[in-house]
Structures are given as C-alpha cells and as structure tokens.
Amino acid sequence: MSYRSNLEKVLSEGHFVITAEIGPPKGSDANKIRDKAMMLKGCADAFNITDNQTAVVRMSSFAGSLILHHMNMEPIMQMTCRDRNRIGLQSDVLGAAALGLRNILCLTGDHQSFGNHPAAKGVFDIDSIQLLQIIKNMRDVGVFQSGDLLLAERPCVFLGAAANPYADPFEIQVDRLRKKIDAGAEFIQTQSVYNLEKFSKWMDDVRSQGLDKKVHILAGVTPLKSVKMAERMKFHVPGTDVPETVYQRIKNASDPAKEGYVIALETIRELKVLQGVHGIHITALFWEQIIPSLVKDAGFDTRS
Ligand SMILES: Cc1cc2nc3c(=O)[nH]c(=O)nc-3n(C[C@H](O)[C@H](O)[C@H](O)COP(=O)(O)OP(=O)(O)OC[C@H]3O[C@@H](n4cnc5c(N)ncnc54)[C@H](O)[C@@H]3O)c2cc1C
C-alpha cells in the first residue's frame, strides 16, 4: 500500500496520532521556524503550519511548510479561503505538491475584521467545503474547478479540514462535518477541547452517523498557560467553550501554568480512550516548549 504522506500512513495503520501546531513568525527569519521545529522533532507525526491565523499577517504557510519539509519533518500546510481566490488557491496546491508537500488542511479562515488589517478585503470566493472538493477533483479526476483538464501530474495530497464541536448551533455541526467528508476531507482537526462532556456528546452524534469510520478525527488540545489566557479563551475567542470548573481551577491555582498543564494531561488521557478519536492536535499557543514533556507525560512514545 502506498501512502501520500506519513500522516496518512500512521492513521491508516490505526496508531493514535499526534499533530502539533507551529505558528510562523511575524518576520522573514526562517530560523524562527527551524528552532521551533528542532524543539518539537520526535514529538508529533506531522506539524501544522498556520495560514495567517486570527487574520494576523505572518510568514506564509507555504513557505513555513517548505522549511519544515527541508528538515525532513512532515508539514500540514494550512490554506484559508480568506486571502486567495480559486485561481490562487489551485495554483498554490500545484506548487505545494510539486515541491513535495503532501498534507493540506482546508479552511474558510478567520474573518479579516478580527485581525491586524481589519480594512482588508476578504476574498471568500469559495469556502472550505468547496476548496476540499476542488482539490479532490484536481487529484482524483484531473480537472480544475473550471472543468479544464490538468495537463501534467495531479497533486498527490492528503486532505484535511477543521471542525468545531462548540460552534452554534450545535445541531448543525455534525452536518457540516459530513459535508466536509463528502467533499473530500480525510482527516479532521477540531477546535480545542476544554468541555469534555460536550465534545463526547458531539462524538456520540459523529459515531451514530458512522462518520468516525469515514474520517480520522484528531481532537484539539490547547494548554492554558495563565489566568489571562483562560479568560481570553472563555470570554473573547468565539467558538471556544471553557467550562466554569476549568476556569476556576486556573483562577484559584497558586501556579496557573502548572494547573493548565495538569488539565491538558487529564484531557489527553480522556481523549485517548474516547471511541472514534484517532489522535490529538496540540496547539500550545506561545508555549510550544512544553509539548515534548506533555507528550511524554501523557504516555506517548517518541515519533520517528
Ligand atoms: C485546527 C484549526 C486550525 C485553524 N487554523 C487557522 C488558520 O491557519 N488561519 C485562520 O485564519 N483560521 C484558522 N482557524 C480558524 C477557523 O478558520 C475558524 O475557526 C472558522 O470559523 C472555522 O473553521 P473553517 O475555516 O473550517 O470554517 P467553516 O467550517 O468552513 O465555516 C465556518 C463558518 O463560516 C461560515 N462561512 C463559510 N463561508 C463563508 C463565507 N463565504 N462568508 C461568510 N461566512 C462563511 C460558515 O457558514 C460557518 O458558519 C483554525 C481552526 C481550527 C479548528
């Protein structure tokens, strides 16, 4: 069996997978990516390079992914529909595949009004579901969105999407997940899980529709580093759900970072045994240095 990427291989073989996010720098220093990558080497099976997350300008995911690829580490290139139209997106898919990038996470993207260029024009020519379908057709059928044929090699890529079990209305989120799977998503990375009860209920719905058999779900884990971060996640970041019990534990702790670490460990242990969850996606915002010990303390072996 030949696999398009290591991520596809480890998921297909039934291993519990770890992915970790590397946020690119607000500057053109490649060493900022290399240093984080060296710190995280062996901790995860693949590494997400975000695409101007929160609509704040950073080094491109394409460039960051290539830097990682040249270090023999496997990137997941993230692509949002906010900044490029279907011509730009399809062109970048061809370029990325030509240069050896094998995983793409398709996103609609955070709205530009939340970022550092709020007057920017949002493109949103297509959304994440259409992007998935377009890349799938380029790969499997050999056609562009226009219907024109690809005249050279098809992009050999493993496709992913995001899901948010906490977005309102809750009832349509599994439906949206199904649409993403039908459009071509082969793996899913979820919004950070703090409310395990609600996540388990979402997974019940996912399993009842048999979707866990059609896609690999990686549950998001974001350790809370401080009371300020817990408050930001609880009160200001749309689509996150930090339960009062979690918030109070951080707020009342003598060492909030230590408590946040313990909560993340407890969450990972619960996710590990939750039926239908095939891995975790760690997003340690401005705290990537804890990922190696978190992975070790959670009982995972070193990754090759
Ligand atoms: C693992 C993960 C990684 C992420 N990485 C990034 C990143 O690198 N960069 C970034 O910017 N954001 C990123 N995000 C944030 C993400 O884009 C937002 O949370 C988004 O709201 C949900 O994910 P999505 O992009 O797949 O949106 P979707 O599920 O496609 O859509 C989200 C919402 O937007 C609405 N929508 C879709 N299309 C349009 C449109 N044309 N106009 C208006 N509304 C529309 C949908 O109806 C839906 O309600 C990430 C999120 C996750 C969970």
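Over the ring of which residue does the charged end of Lys-272 sit?

**Figure 1. Close-up of Lys-272 and an aromatic ring in the predicted model.** In this model, which is predicted, the charged end of Lys-272 sits over the ring of Phe-300, at 4.4 Å from the centre of that ring. Lys-272 is also the residue at which helix 10, covering residues 256-272, comes to its end.

**Figure 2. Overview of the whole protein, for orientation before the other close-ups.** The protein is built with 11 helices and 8 strands, and its radius of gyration is 19 Å, close to the 19 Å that the globule rule gives for 304 residues, so the protein is as compact as a globular protein of that length. Along its principal axes the C-alpha trace spans about 60 × 45 × 45 Å, and buried residues account for 54% of the 304 residues. When contacts between residues at least 6 apart in sequence are considered, 78% of them join residues that are at least 24 apart. The accessible surface comes to about 13900 Å², and carbon and sulfur atoms contribute 52% of that area.

**Figure 3. Close-up of the aromatic pair formed by Phe-199 and Trp-202.** A search of the whole structure finds 4 aromatic pairs, and one of them joins Phe-199 and Trp-202 in a tilted arrangement, with 5.7 Å from centre to centre and 35 degrees between the planes. Both residues belong to helix 7 (residues 196-208), where they lie 3 residues apart, which is about one turn of the helix. Phe-199 counts as buried because its relative accessibility is 0%, and Trp-202 counts as buried because its relative accessibility is 0%.

**Figure 4. Close-up of Ile-263 in helix 10.** With a relative accessibility of 8%, Ile-263 counts as buried. Leaving aside residues up to four places away in sequence, Ile-263 touches Val-246, Arg-249 and Ile-250. As a contrast in distance, the C-alpha atom of Ile-263 is separated by 22 Å from that of Ala-167, a residue 96 places away along the chain.

**Figure 5. Close-up of the cysteines Cys-81, Cys-106 and Cys-156.** The count of disulfides in this model comes to 0. Cys-81 takes part in no disulfide, and the nearest cysteine sulfur, which belongs to Cys-106, is 7.4 Å away. For Cys-156, the closest cysteine sulfur is also in Cys-106, but this sulfur lies 15 Å away and is therefore too far for a bond. Cys-81 is buried, with a relative accessibility of 0%, whereas Cys-156 is partly exposed, with a relative accessible area of 35%.

**Figure 6. Close-up of the cis peptide bond from Asp-168 to Pro-169.** This peptide bond has an omega near -10 degrees. Pro-169 is placed in the loop that runs between strand 5 (158-163) and helix 6 (171-183).

**Figure 7. Close-up of Asn-52 and Asn-72, with a positive phi in each.** Although Asn-52 is not a glycine, its phi is positive, at about 45 degrees; Asn-52 is found in the loop between strand 2 (46-49) and helix 3 (61-69). Asn-72, which is likewise a residue other than glycine, has a positive phi near 60 degrees, and its place is in the loop between helix 3 and strand 3 (75-80). Asn-52 is buried, with a relative accessible area of 16%, whereas Asn-72 is exposed, with a relative accessible area of 72%.

Conventions: Residues numbered from 1 in each chain as written. Predicted model: local features only at pLDDT ≥ 70, side-chain atom pairs only at ≥ 80, totals over all residues. Heavy atoms only, no water. Phe/Tyr/Trp six-rings, centres within 6.5 Å; stacked < 30°, edge-to-face > 60°. Helix = DSSP H or I, 4+ residues; strand = E, 2+ residues; numbered from the N terminus. Buried < 20%, exposed > 50% of the residue type's maximum accessible area, 1.4 Å probe, protein only. Lys NZ or Arg CZ within 6 Å of the ring centre and 35° of its normal. Contact = heavy atoms within 4.5 Å. Rg over C-alpha atoms; globule rule 2.2 N^0.38 Å. Areas by Shrake-Rupley, 256 points an atom, 1.4 Å probe, with all protein chains shown as cover. Disulfide = S-S within 2.5 Å.
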